[in-house]
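Me: I should like to learn how the architecture of a model is read from its coordinates. Could you take me through one case, feature by feature?

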Amino acid sequence: MKILLVEDEVRLAEHVSKGLEQAGHIVDTASNGSIALEYASTTAFDLILLDLMLPGQNGFEVLKNLRDFNIRIPVIILSALSNTEHVIKALNDGALDYIRKPFDFEELLARIGVIGRKTMTQQSTKLIVAGLEMDKMKHEVSRDGKKIELTNREFALLELFMSNPDKLISRTQIAEKVWEVDFDMGSNVIEVHIYQLRKKINKGFETELIRTVVGRGYVLESNPL
């Protein structure tokens with residue numbers, strides 16, 4: 001897993017980082033909340049280990065900002081704050097787990113393993129790109145929490161785009177993946193369906209997610225301007 005460790009105690013950060021790397025994980029570290037938010041907004045981490053007592057923005061503020069910015073990276077709190085009220089607040093604010101300091105490193109690895117297995121299961125059934133979230137098992141789509149109703153064909157079309165973010169998808173690829181083998185490439189059916197799909201996923205939002213590359217195809221942008 002690619003892990004962001006947010007910890008201002010240098011020795012502890014070095015110890016935990018080294019142990020995680022020896023266990024096969026890739027680790028980046030941040031010593032304060034502002035750096036952590038910058039990293040989390042630009043890098044695809046699988047997990048964040050977050051201290052609460054940080055300089056500048058504390059851990060609770062970091063956690064709130066992550067969720068406000070729609071950054072859904074799983075978070076485990078590592079904190080010396082041991083009151084039940086702190087644990088409850090962190091979990092209610094979106095953390096998946098709470099480990100009190102001092103902690104046993106083997107326990108930390110076990111907790112990380114649980115989240116890793118859960119994440120892998122979710123990734124096989126869910127796609128998340130640029131605020132769009134697709135649950136393939138439930139056949140549901142939402143954007144920034146707003147539910148979007150799609151036809152079966154629109155759902156299949158969006159699944160193709162979300163499975164290949166920032167990649168050019170040609171009309172031929174769309175025809176092969178979403179329509180039948182004998183699809184008439186001379187028709188405008190693809191353009192009509194993409195037009196309808198765009199209307200649905202953009203309704204109520206200023207930013208359009210699917211970009212047309214004239215003469216070549218379409219791109220679902222993960223970081224649209």
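Reply: The dialogue below goes from the whole chain to its sheets, helices and one selected residue.

Me: What kind of model is this, and how are its residues numbered?

Reply: This is a predicted model, in which local features need pLDDT of at least 70 and side-chain atom pairs count only at pLDDT 80 or more, while totals for chains, interfaces and linings use all residues. Residues are numbered from 1 along each chain as its sequence is written, and side-chain values use heavy atoms, with hydrogens and water left out.

Me: How many helices and strands are there in the protein chain?

Reply: Helices (H or I, at least four residues) and strands (E, at least two) are DSSP runs numbered from the N terminus. The protein chain has 8 helices and 11 strands. Its C-alpha atoms fill a box of roughly 65 × 35 × 30 Å along the principal axes. Of the 225 residues, 40% are buried, where buried means under 20% relative accessible area, exposed over 50%, and partly exposed in between (1.4 Å probe, protein chains only).

Me: What is the strand order in the sheet of 5 strands?

Reply: Two strands pair if DSSP finds at least two bridges between them. Here the order is 2-1-3-4-5 in an open sheet with parallel pairing. Strand 2 (26–30) and strand 5 (97–100) are the edge strands, each pairing on one side only. On average, neighbouring strands of this sheet are turned by 20 degrees against each other, direction ignored; axes are lines fitted to C-alpha atoms, for helices over the stretch in contact, and angles run from 0 to 180 degrees between N-to-C directions.

Me: Which bridges hold the register of strand 1 and strand 3?

Reply: Strand 1 (residues 2–6) is joined to strand 2 by 5 bridges, with lysine 2 opposite isoleucine 26. Strand 1 is also joined to strand 3 by 4 bridges, and leucine 4 has isoleucine 48 as its bridge partner there. From strand 3, 3 bridges lead to strand 4 in the parallel sense; leucine 50 is partnered by isoleucine 77.

Me: Which way do the side chains of strand 3 point?

Reply: In a regular strand, side chains alternate between the two faces of the sheet. In strand 3, Leu47 and Leu49 point one way and Ile48 and Leu50 the other, and all are buried.

Me: Which helix packs on strand 3 and strand 4?

Reply: Helix 3 (residues 59–68) packs on the sheet, touching strand 3 (47–50) and strand 4 (75–79), and its direction makes about 155 degrees with that of strand 3. Contact means heavy atoms within 4.5 Å.

Me: How are the buried residues of helix 2 arranged around its axis?

Reply: One takes the directions from the helix axis to the C-beta atoms and finds their arc. Helix 2 (residues 33–42) has Gly33, Ala36, Leu37 and Ala40 as its buried residues. These fall within an arc of 95 degrees seen down the axis, so they line one face of helix 2. The face turned away from the buried side carries the exposed residues Glu38 and Thr42. Among the elements covering the buried residues are strand 1, strand 2, strand 3 and helix 3.

Me: What is the pairing in the sheet of 4 strands?

Reply: This open sheet has the order 6-7-8-9 and antiparallel pairing. Strand 6 (126–129) and strand 9 (146–148) stand at the edges with a single partner strand each, so one side of each lacks a neighbour in the sheet. Strand 8 (residues 140–143) pairs with strand 9 over 3 bridges, and serine 142 has lysine 147 as its bridge partner in strand 9.

Me: At what angle do helix 6 and helix 8 pack?

Reply: Helix 6 (residues 152–162) and helix 8 (residues 189–202) pack at about 80 degrees, with axes 10 Å apart. Helix 6 is therefore roughly perpendicular to helix 8; angles under 35 degrees count as roughly parallel, over 145 as roughly antiparallel, 65 to 115 as roughly perpendicular and the rest as oblique. Arg153, Glu154, Leu157, Leu158 and Phe161 in helix 6 meet His193, Ile194, Gln196, Leu197, Lys200 and Ile201 in helix 8. Helix 6 also lies across strand 6, strand 7 (132–135) and strand 8, at about 115 degrees to strand 7.

Me: Is leucine 158 buried or exposed?

Reply: Leucine 158, in helix 6, is buried, with a relative accessible area of 0%. Leaving aside neighbours within four places in sequence, leucine 158 is in contact with Leu132, Met134, Val141, Leu150, Leu197 and Ile201.
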